[in-house]
Amino acid sequence: MPDILILDQISKQFDQTSVINHLSFEVEEGEIFGLLGPNGAGKTTLVNIITGLLDASAGAVTLFGNYAPGDAYARANIGLASQSLALYEDLTAIENLQFFGRMQGLTGGNLDAAVKQALAGVGLTDKADQRVKHFSGGMKRRLNLAVAILHQPKLLILDEPTVGVDPQSRNAIMESILHLRDQGHTIIYTTHYMEEVEKLCDRVAIMDKGQLIALDSVNGLLQAHGDNYHIRYSQDNQIHNTETDNPLATIRELLESEQPADISSLSVQSPTLEQVFLNLTGHQLRDG
Ligand SMILES: Nc1ncnc2c1ncn2[C@@H]1O[C@H](COP(=O)(O)OP(=O)(O)OP(=O)(O)O)[C@@H](O)[C@H]1O
Ligand SMILES: [Mg+2]
């Protein structure tokens, strides 16, 4: 797959403080690329550099093979759902979408079709005529996503799209994202929720303090940096714990060698991205 985005040795300082340090990676066409890191890791700063809202202090960003952030072609083909909501509270959902659609150059029947599709895509069709100020946090997040997808961008950047949302909106957002990937959009997804990354992302970059500390598929990260599987079973009213890198083989052995009828319960705990992060950095991904 061709690269949609190439970051080459990006650094960013605010005053004298270094926030991003020599960061390089590529995002391939059609993937959901997770950018995982704790608060203050530099995720939003990086997103702002990719979209041209901020200039890098050093390094190069190449978009769509041949463009820099800020070029008209790059701007027209990126959709950003920013971490801080960008919506007009006094307008209805549909009025917000019509406004932002016009800003993106959509008019007439194209605008109407895009608004309708975006509303349906985030499950807000029946809320189209409600003012945003009456929306829940989750509904606002969904509308924020709808604004970002109105012009069918090749590259969609979602900066913490599920922060502060109810479980129903979280599921709606995750489903919309998978659907968008199936339609061929490339998605960069920043979060500090590893469960979302485990469910959604084809590849994951783990950032900490402005540096890239690992980049791989979720399985690749778990295999390279995760702990063993933990198997816990009770037998003859006693709890047993065992560690293995091959849970199926261990369970088979257990069932064949012992008296399996005595085993009353068995559970397997898989390695997690949280552990991967802890193993790589020495501190927790979640700080609260
Ligand atoms: N305009 C700015 N001026 C000075 N420092 C800034 C500015 N913007 C961000 N920072 C600092 O840069 C660091 C990275 O911030 P950034 O918002 O990129 O992190 P993040 O990974 O998006 O965090 P979060 O998960 O909280 O959204 C933080 O220490 C932040 O205080
Ligand atoms: Mg952020």
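Which residue takes a positive phi in the hairpin of β1 and β2? In this predicted model, the residue is aspartate 15, with a phi near 50°. The hairpin has 2 residues between its strands. Strand β1 spans residues 3-14 and strand β2 residues 17-28; the two run antiparallel and are joined by 8 bridges. Within this pair, isoleucine 6 of β1 is placed opposite glutamate 26 of β2.

The hairpin belongs to an open sheet of 3 strands, ordered β2-β1-β4, in which the pairing is antiparallel. Its edges are formed by β2 and by β4 (58-63), each of which pairs on one side only. From one strand to the next, the twist averages 15°. Between β1 and β4 there are 5 bridges, and these strands likewise run antiparallel. Here leucine 5 faces leucine 63 of β4.

A second open sheet contains 6 strands in the order β5-β6-β7-β3-β8-β9, and its pairing is mixed. Strands β5 (78-81) and β9 (211-216) lie at the edges, each pairing on one side only. The average twist between one strand and the next is 15°. In general, the strands of a sheet pair through backbone hydrogen bonds, in either the parallel or the antiparallel sense. Within this sheet, β3 (residues 32-36) and β7 (residues 186-191) are paired in the parallel sense over 5 bridges. Isoleucine 32 is located opposite isoleucine 187 in β7.

Helices α1 and α6 both contact strands of the mixed sheet. Helix α1 (residues 43-50) packs on the sheet and touches β3, β6 (155-159), β7 and β8 (203-208). The direction of α1 makes about 155° with that of β6. Helix α6 (residues 167-182) lies across β3, β6 and β7, and runs at about 150° to β7.

Helix α1 also contributes to the surroundings of ligand 1, supplying 3 residues, the largest share of the shell. The residues that surround ligand 1 are Phe14, Val19, Gly37, Asn39, Gly40, Ala41, Gly42, Lys43, Thr44, Thr45, Gln83 and His192. By class, the shell comprises 3 nonpolar, 8 polar and 1 charged residues.

The packing of the helices against one another was examined next. Two packed helices are described by the angle between their axes and by the distance between those axes. Helices α3 (residues 93-103) and α5 (residues 137-149) pack at an angle of about 25°, with axes 9 Å apart. Angles under 35 degrees count as roughly parallel, and α3 and α5 are therefore roughly parallel to each other. The crossing of α3 past α5 is right-handed. Residues Ala93, Asn96, Leu97 and Phe100 of α3 make the contact with Leu143, Ala146 and Val147 of α5. This contact of α3 with α5 includes 6 nonpolar residues and 1 polar residue, with no charged residues.

Helix α3 also packs with helix α4 (residues 108-121), at an angle of about 130° and with the axes 10 Å apart. The two helices are therefore oblique to each other. The α3 and α4 crossing is right-handed. On the α3 side the contact involves Ala93, Ile94, Leu97, Gln98, Gly101 and Arg102, which meet Leu111, Ala114, Val115, Ala118 and Leu119 of α4. By class, there are 8 nonpolar, 2 polar and 1 charged residues in the contact of α3 with α4. Residues Ala93 and Leu97 of α3 thus appear in the contact with α5 and in that with α4.

Helix α5 packs in turn with α6: their axes come within 9 Å and cross at roughly 15°. As a result of this angle, α5 and α6 are roughly parallel to each other. The crossing of α5 past α6 is left-handed, whereas that of α3 past α5 is right-handed. The α5 residues Gly138, Met139, Arg141, Arg142, Leu145 and Ile149 meet Gln168, Ser169, Ala172, Ile173, Ser176 and Leu180 of α6. The contact of α5 with α6 divides into 6 nonpolar, 4 polar and 2 charged residues. Helix α6 accordingly meets α5 and also lies across β3, β6 and β7 of the mixed sheet.

Note on methods. Residues are numbered from 1 along each chain as its sequence is written. Chains are lettered from A and ligands numbered from 1 in the order in which they are written. This is a predicted model: local features need pLDDT of at least 70, side-chain atom pairs count only at pLDDT 80 or more; totals for chains, interfaces and linings use all residues. Axes are lines fitted to C-alpha atoms, for helices over the stretch in contact, and angles run from 0 to 180 degrees between N-to-C directions. Helices (H or I, at least four residues) and strands (E, at least two) are DSSP runs, numbered from the N terminus. Angles under 35 degrees count as roughly parallel, over 145 as roughly antiparallel, 65 to 115 as roughly perpendicular and the rest as oblique. A crossing is left-handed if the near helix is turned anticlockwise from the far one by less than a right angle, and right-handed if clockwise. Two residues are in contact if their C-beta atoms, placed from the backbone, lie within 7 Å. Ala, Val, Leu, Ile, Met, Phe, Trp, Tyr, Cys and Pro count as nonpolar, Asp, Glu, Lys and Arg as charged, and the others, Gly among them, as polar. Two strands pair if DSSP finds at least two bridges between them. A residue is near a molecule or strand if its C-beta atom, placed from the backbone, lies within 6 Å of it.
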